[in-house]
Amino acid sequence: MDSAQSFPPLVRVERVSKHFGEGEARVDALRDVSIDVHPGEVVALLGPSGSGKTTLLNVIGCILDPSDGAMELDGELVLEHGRWLRSDLRQLRLDKIGFIFQFHNLIPFLDATDNVALVLQLAGTDAQAARARALELLEYLEVGHRRNAMPAKLSGGEAQRVAIARALANRPRIILADEPTAALDSKRAGIVMDLLRKVAVEQQAAIIAVTHDEKIFDRFDRIFHLRDGRLLSEESASRRVGA
Amino acid sequence: MNLAYRDIRHNLFRFVLTCLGLGLLLGVVLAMIGIYKGLVVDALTIARSPDVNVWVVEANTRGPFAEASRIPGDTREAIARIAGVSSAGSITYQTVEAEHGGGKLRLYVIGSEPGRPGGPPEIVDGRHIGRSHYELVADRSSGLSLGARIRLGRNMFEVVGLTRHQVASGGDPAVFMTLLDAQKLQFELAPPAARVQMARGVGGASRDTVNAVVARLQPDASADAVAAAIHRWKHLAAITQEAQELILTRSLVDRARRQIGLFTTLLLIVSAVIIALIIYTMTMEKLKQIATLKLIGAADRTIIAMIVQQALALGFIGFAIGAALIVNIKDYFPRRVVLEVDNVMVLGLIVFAVCLIASGLGVRAALKVDPATALGG
């Protein structure tokens with residue numbers, strides 16, 4: 001057993017299904033998918049378009065209602081028989097989950113520091129403390145020198161690092177990344193993956209990324225292969241090294 | 001962190017331009033309201049300036065403004081003796097065109113008896129008419145200055161005093177002169193025409209004719225009772241001040257008033273649609289950001305506040321620009337633009353309501369946004 005897997009999972013997805021439409025028009029986007037992700041792990045959801053990886057990410061991110069299944073996030077059962085057990089999913093996202101997007105999705109009218117501080121203020125942190133924490137995170141992700149830059153003035157790599165800082169702001173233990181390196185070249189993609197690894201190890205977070213980016217496959221601890229809404233296989237780093 | 005303010009600051013130039021555009025539009029709406037009010041006020045100004053209670057005019061007419069009226073000059077003495085009348089004055093009204101400063105000048109000439117009702121209400125510069133002949137008190141809007149000389153008819157008049165806001169319902173500036181001068185101007189024939197009339201044997205006809213007699217009543221007297229008493233003379237008609245004002249607003253300027261009123265209403269509707277469109281578009285442009293905000297945990301109230309605050313800021317600044325613009329240029333309009341505080345406030349409230357409703361449309365669209373749309377490029 002991997003050292004990370006000796007801890008209870010931060011994300012436990014059990015037999016989650018999601019279908020859209022009914023009858024002839026029914027599309028099964030997810031069929032009985034179960035995965036566990038442990039603290040310190042960086043895992044990928046991989047599959048062709050329409051395989052269900054983004055649907056799964058949306059369910060884990062509590063922004064899509066599944067049709068069936070159960071889910072635990074950070075030790076809390078939040079979904080059972082396809083029903084959310086909490087009504088305040090927004091607060092759940094704010095407390096437990098950080099998001100990283102393909103195109104960083106920074107708020108264009110806020111500078112780098114305020115983009116990070118915003119998440120903290122939304123969670124109720126006062127402005128001064130939020131700013132201090134934002135600066136600390138930007139320094140941690142080696143983009144502190146760009147603290148006052150507006151998103152439009154940041155390079156792709158810098159913007160993605162600010163986005164990672166924003167995702168980490170509330171110290172979430174689950175980070176969901178949607179194609180985090182798709183808009184970056186190999187070098188910057190490697191830097192971003194190194195940062196995600198650093199975050200996962202140092203903050204004992206679970207990072208789940210949807211990706212098509214072959215150049216970073218070797219950076220994941222495990223890769224979940226999906227096709228037609230089913231989990232086809234799970235590939236671990238040790239197997240890839242062995243192969 | 002105020003997201004509305006940050007967004008505005010980030011796109012300041014665009015926001016200011018939008019506010020400026022909206023301000024110009026609201027300025028036009030305010031100007032139209034002012035022109036509308038000005039038309040009504042102008043129509044009533046001359047009728048209100050003598051500060052009287054009853055107008056005595058020719059029988060079966062609604063003179064002297066809505067219809068022509070001619071009554072004998074000695075009517076004033078008869079009216080002054082009616083119980084309840086404290087004072088009476090004869091008045092003539094006519095529009096003349098004169099040469100001044102190398103151009104044509106249309107003037108509304110009011111002839112009255114000095115010391116009796118009907119003269120200029122307030123002198124803002126200079127003095128009242130002191131001589132029996134050839135002195136004028138002119139309204140400032142005529143462009144005539146104190147001491148200026150102008151030929152009216154066959155005589156030269158000197159401006160000895162200035163009034164303000166004394167214009168006829170058509171917008172022509174008023175000039176006041178003695179009744180004798182006004183009668184001469186209105187009724188005296190040119191020498192060739194006078195000779196023809198003399199030859200016909202009618203040249204000696206009296207020109208002691210006036211357009212109306214105005215009567216000021218004692219405090220305890222009833223205008224209706226005095227009017228009823230005057231009606232007993234079959235050749236005269238009496239109109240109370242209230243009825244005279246009604247004639248002016250309902251009859252004389254009614255079409256113009258309704259035309260401007262309708263146009264102002266249309267302009268207001270167009271403004272409301274444009275405000276709604278601007279605010280809705282501003283929101284729709286931010287849907288991706290709103291989805292991101294929702295995904296990272298922003299409460300609905302945070303998003304609603306951002307949209308509503310921006311909408312209100314736009315409306316408030318646009319309205320302030322429009323109001324400031326019109327307040328500063330209203331005196332350059334050829335006719336009076338009357339901006340009354342309650343009218344301005346009503347427009348302000350309408351703009352506020354439109355902004356709220358328009359932001360409601362934006363809020364509705366924003367709240368419908370699925371946070372998942374922030375994912376996947």
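How far apart should the end C-alpha atoms of helix H7 of chain B, residues 241–252, be at 1.5 Å a residue, and what distance do we find for them? I would like to start there, and I should say at once that what we are looking at is a predicted model. The helix has twelve residues, and at that rise it should span 16 Å, while its end C-alpha atoms lie 15 Å apart, so the two values agree.

Let us stay with H7 of chain B for a moment and ask which of its residues are buried. They are B:Gln241, B:Gln244, B:Ile247, B:Leu248 and B:Leu252. Because these residues cover an arc of only 115° around the axis, they sit on the same side of the helix. If you turn to the face that points away from this buried side, you will find the exposed residues B:Glu242, B:Leu246 and B:Arg250. As for what covers the buried residues, the list includes helix H2 (12–48), strand E1 (54–58), helix H6 (223–231) and strand E12 (236–240), which also belong to chain B.

Before going further, a word on confidence. Chain B has an average pLDDT of 88, and 98% of its residues score at least 70, while for the complex the predictor gives an ipTM of 0.77 and a pTM of 0.75.

Now to the division of chain B, which has a domain 1, made up of 3–43 + 255–374, and a domain 2, covering 95–207. Taken over C-alpha atoms, the centres of these two domains of chain B are 48 Å apart. Four residues from domain 1 and four residues from domain 2 take part in the contact between them, and on the domain 1 side of that contact we count one nonpolar, no polar and three charged residues.

Elsewhere in chain B, B:Ile357 is placed in helix H11, residues 341–368. Since B:Ile357 has 14 C-beta neighbours inside 10 Å, this residue counts as partly exposed. The C-alpha atoms of B:Ile357 and B:Ala272 are separated by 9.7 Å, although the two residues are 85 residues apart along the chain.

How many residues does each chain bring to the contact between chain B and chain A? Chain B gives 18 residues and chain A gives 24 residues. On the chain B side, helix H1 (3–10) and helix H9 (287–295) each supply at least two residues, and by class that side has nine nonpolar, seven polar and two charged residues.

Let me finish with chain A, where two loop residues deserve a careful look at their backbone angles. A:Glu179, which lies in the loop between strand E8 (174–178) and helix H6 (186–202) of chain A, has a phi near 45°, a positive value in a residue other than glycine. A:Asp228, in the loop between strand E10 (222–227) and strand E11 (230–236) of chain A, is not a glycine either, and its phi is positive at about 50°.

Are these two residues buried or partly exposed? A:Glu179 has 20 other C-beta atoms within 10 Å and is therefore buried, whereas A:Asp228 has 14 within that distance and is therefore partly exposed.

Finally, in helix H2 of chain A, residues 89–96, the buried residues include A:Arg90, A:Leu92, A:Arg93, A:Leu94 and A:Lys96. Among the elements that cover them are strand E4 (68–73), strand E5 (76–80), strand E7 (97–100) and helix H3 (112–122) of chain A.

Key: Residues are numbered from 1 along each chain as its sequence is written. Chains are lettered from A and ligands numbered from 1 in the order in which they are written. This is a predicted model: local features need pLDDT of at least 70, side-chain atom pairs count only at pLDDT 80 or more; totals for chains, interfaces and linings use all residues. pLDDT is the predictor's confidence in each residue, from 0 to 100. Helices (H or I, at least four residues) and strands (E, at least two) are DSSP runs, numbered from the N terminus. The expected span of a helix is 1.5 Å times one less than its number of residues. A residue is buried if 20 or more other C-beta atoms lie within 10 Å of its own, exposed if 12 or fewer, and partly exposed in between; C-beta atoms are placed from the backbone. The arc is that of the directions from the helix axis to the C-beta atoms. Two residues are in contact if their C-beta atoms, placed from the backbone, lie within 7 Å. Ala, Val, Leu, Ile, Met, Phe, Trp, Tyr, Cys and Pro count as nonpolar, Asp, Glu, Lys and Arg as charged, and the others, Gly among them, as polar. Domain bounds come from an automatic or database domain assignment.
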